[in-house]
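Let us read a structure together, one feature at a time. The learner asks, and the teacher answers.

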Amino acid sequence: MNKSPVILALDVPERVRTLELARLLAAEVGMVKLGLESFVAHGPDLVRAVVDMGLPVFLDLKLHDIPRTAAAAAKMALALKVKLLTVHASGGAEMVRACREAVGDGLDLIAVTVLTSLGDDDLAGVGFNGQAATVAARLGKLAVDSGAHGLVCSALDLPALAGIGGTRVVPGVRPAAGPVHDQKRVATPAQAMKAGATWLVVGRPILEAADPVAAARAINAEVA
Ligand code: C5P
C-alpha cells in the first residue's frame with residue numbers, strides 16, 4: 001500500500017483472482033474495496049483473507065434496512081476489521097445514527113448519497129425531487145448530521161456538498177481516454193481530486209486494462 005488516493009474496487013467473481021489482484025496492486029493503491037459481488041459469493045472469509053494480507057479494506061455493502069438490522073450488520077463488519085463501510089443515506093437519519101453507534105470510531109461509516117449510475121431522469125423515476133447534486137447535498141447533510149464519517153458521491157456533486165463535513169469517497173472515475181461503462185456522472189482522476197475528493201474508487205479502468213499495474217500507475221501520476 002502507498003499514499004495513493006486510489007481505492008481499487010475488486011469487482012471480480014473469483015476468490016483466487018481477487019487475492020491475486022490484491023497482491024499484484026497492493027503497492028500501487030491506498031486501499032482495496034470488496035463489494036456485494038464478492039461478499040455474496042465468498043462471504044466474510046474473503047474479507048478476512050484480504051485483511052490478513054495487511055491491506056486496508058473498504059467493505060462496500062451499502063446497507064439500507066431498518067435501523068436495528070443495519071446497525072447489527074455494521075457491528076459484524078466492525079468485527080472484520082475493515083476501515084470503511086458504506087450505508088445508504090436514503091435509509092434515513094435514524095438508520096445512519098444506529099449504524100454509527102454500532103461502529104463508533106472503529107471504522108469510518110461512509111454514506112452513499114446518489115449512485116453515480118443515476119442521472120437526473122433516473123432520480124425522478126425513483127421519486128427524488130431535484131437534480132442529482134441537490135439530492136446529494138440533502139442526503140449528505142442528513143447523513144453527516146447523523147454521524148456518518150464521510151460521503152460517497154460523484155465528483156460532479158462535490159461543489160454542492162461543500163460545507164458538509166467528513167471525507168469524500170468518489171466513484172465514477174474514468175481516465176479521459178477510456179469507456180465510461182454503466183457510470184453516468186463521471187470525472188477524470190485529476191478533476192475529481194481537484195474538486196475535493198479524499199478517495200477515488202476505481203474498478204474497471206484498472207481491472208480491464210491490459211496491464212493493471214500500469215493503469216494504476218498512470219492514475220497515480222495523473223493525480224500526483
Ligand atoms: O468499475 P468502476 O470503476 O465503475 O467501479 C466503481 C465501483 O464503485 C463499483 O464497485 C461500484 O459498486 C462502486 N460505487 C459506485 N457508485 C456509488 C457507490 C459505489 O460506482 N455511488
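Q: Where does the ligand sit?
A: Start with the status of the coordinates: this is a predicted model. Then place the ligand. The ligand sits in the largest pocket. Three elements give two or more residues to the shell around the ligand. They are strand β3 (57-63), strand β8 (199-202) and helix α8 (204-207).

Q: How many residues surround the ligand, and which are the closest?
A: Count the shell, then look at its nearest members. Here 18 residues surround the ligand. The closest are Asp11, Lys33, Arg174, Gly203 and Arg204.

Q: How many residues of each class does the shell around the ligand have?
A: Sort the shell by class. It has nine nonpolar residues, three polar ones and six charged ones.

Q: Which polar side-chain atoms lie by an oxygen atom of the ligand?
A: Look for N or O pairs; the cut-off for a polar contact is 3.5 Å. Asp11 has a polar side-chain atom 2.6 Å from a ligand oxygen. For Lys62, the distance from a polar side-chain atom to an oxygen of the ligand is 3.5 Å.

Q: What lies 3.0 Å from a nitrogen atom of the ligand?
A: Check the ligand nitrogens in the same way. A polar side-chain atom of Thr116 lies at that distance, 3.0 Å from a nitrogen atom of the ligand.

Q: How much of the accessible area of the ligand does the protein cover?
A: Take the area of the ligand on its own as the reference. That area is 470 Å². The protein covers 88% of it.

Q: Back to Thr116: is it buried or exposed?
A: Relative accessible area decides, and buried means under 20%. Thr116 has 7%, so it counts as buried. Its place is the loop between strand β5 (108-112) and helix α5 (120-125).

Q: Which side chain does the side chain of Thr116 join in a polar contact?
A: Protein partners are read as well as ligand partners. The side chain of Thr116 makes a polar contact of 2.7 Å with the side chain of Gln183.

Q: What is the phi of Lys62?
A: Backbone angles deserve a separate look. Lys62 is not a glycine, yet its phi is positive, at about 45°. Lys62 lies in strand β3. Its relative accessible area is 25%, so Lys62 is partly exposed; that class runs between 20% and 50%.

Q: Where does His181 lie, and what is its phi?
A: Read the backbone angle together with the element. His181 has a positive phi of about 55°, and it is not a glycine either. His181 lies in the loop between strand β7 (167-170) and helix α7 (189-194). With a relative accessible area of 32%, His181 is partly exposed.

Q: Which backbone oxygen lies 2.6 Å from a polar atom of the side chain of Ser146?
A: Side chains can also pair with the backbone. For Ser146, the partner is the backbone oxygen of Leu142, at 2.6 Å. Ser146 is found in the loop between helix α6 and strand β6 (150-152). Its relative accessibility is 5%, so Ser146 counts as buried.

Q: Where is the place of Lys141, and how far in space is it from Ala215?
A: Set separation in sequence beside separation in space. Lys141 is in helix α6, residues 132-145. Lys141 and Ala215 are 74 residues apart in sequence, and their C-alpha atoms are 34 Å apart. Lys141 counts as partly exposed, at 46% relative accessibility.

Q: What separates the C-alpha atoms of Ala209 and Gly178?
A: Use the two separations again. Ala209 and Gly178 are 31 residues apart along the chain, and 9.8 Å separates their C-alpha atoms. Ala209 is in the loop between helix α8 and helix α9 (212-223). Its relative accessible area is 23%, which makes Ala209 partly exposed.

Q: Is His88 buried or exposed?
A: Apply the relative accessibility once more. His88 has 15%, so it counts as buried. His88 is in strand β4, residues 84-88. Its C-alpha atom is 19 Å from that of Gly106, 18 residues away along the chain.

Q: Where is the place of Leu107?
A: Name the elements on either side. Leu107 is in the loop between helix α4 (93-103) and strand β5. Leu107 is buried, with a relative accessible area of 2%.

Note on methods: Residues are numbered from 1 along each chain as its sequence is written. This is a predicted model: local features need pLDDT of at least 70, side-chain atom pairs count only at pLDDT 80 or more; totals for chains, interfaces and linings use all residues. Side-chain values use heavy atoms; hydrogens and water are left out. A residue is near a molecule or strand if one of its heavy atoms lies within 4 Å of it. A polar contact is a pair of N or O atoms within 3.5 Å; within protein, one must be able to donate a hydrogen and the other to accept it, and residues adjacent in sequence count only if both atoms are side-chain atoms. Accessible areas come from the Shrake-Rupley method with a 1.4 Å probe; for residues, only the protein chains shown count as cover. On a 1 Å grid over the protein atoms alone, a cavity is a set of points where a 1.4 Å probe fits but cannot get out, and a pocket is an open set with protein on both sides within 12 Å along at least five of seven lines; lining residues have an atom within 4 Å of a point. A molecule sits in a cavity or pocket if more than half of its atoms lie within 2 Å of its grid points. Helices (H or I, at least four residues) and strands (E, at least two) are DSSP runs, numbered from the N terminus. Ala, Val, Leu, Ile, Met, Phe, Trp, Tyr, Cys and Pro count as nonpolar, Asp, Glu, Lys and Arg as charged, and the others, Gly among them, as polar. Buried means under 20% relative accessible area, exposed over 50%, partly exposed in between (1.4 Å probe, protein chains only).
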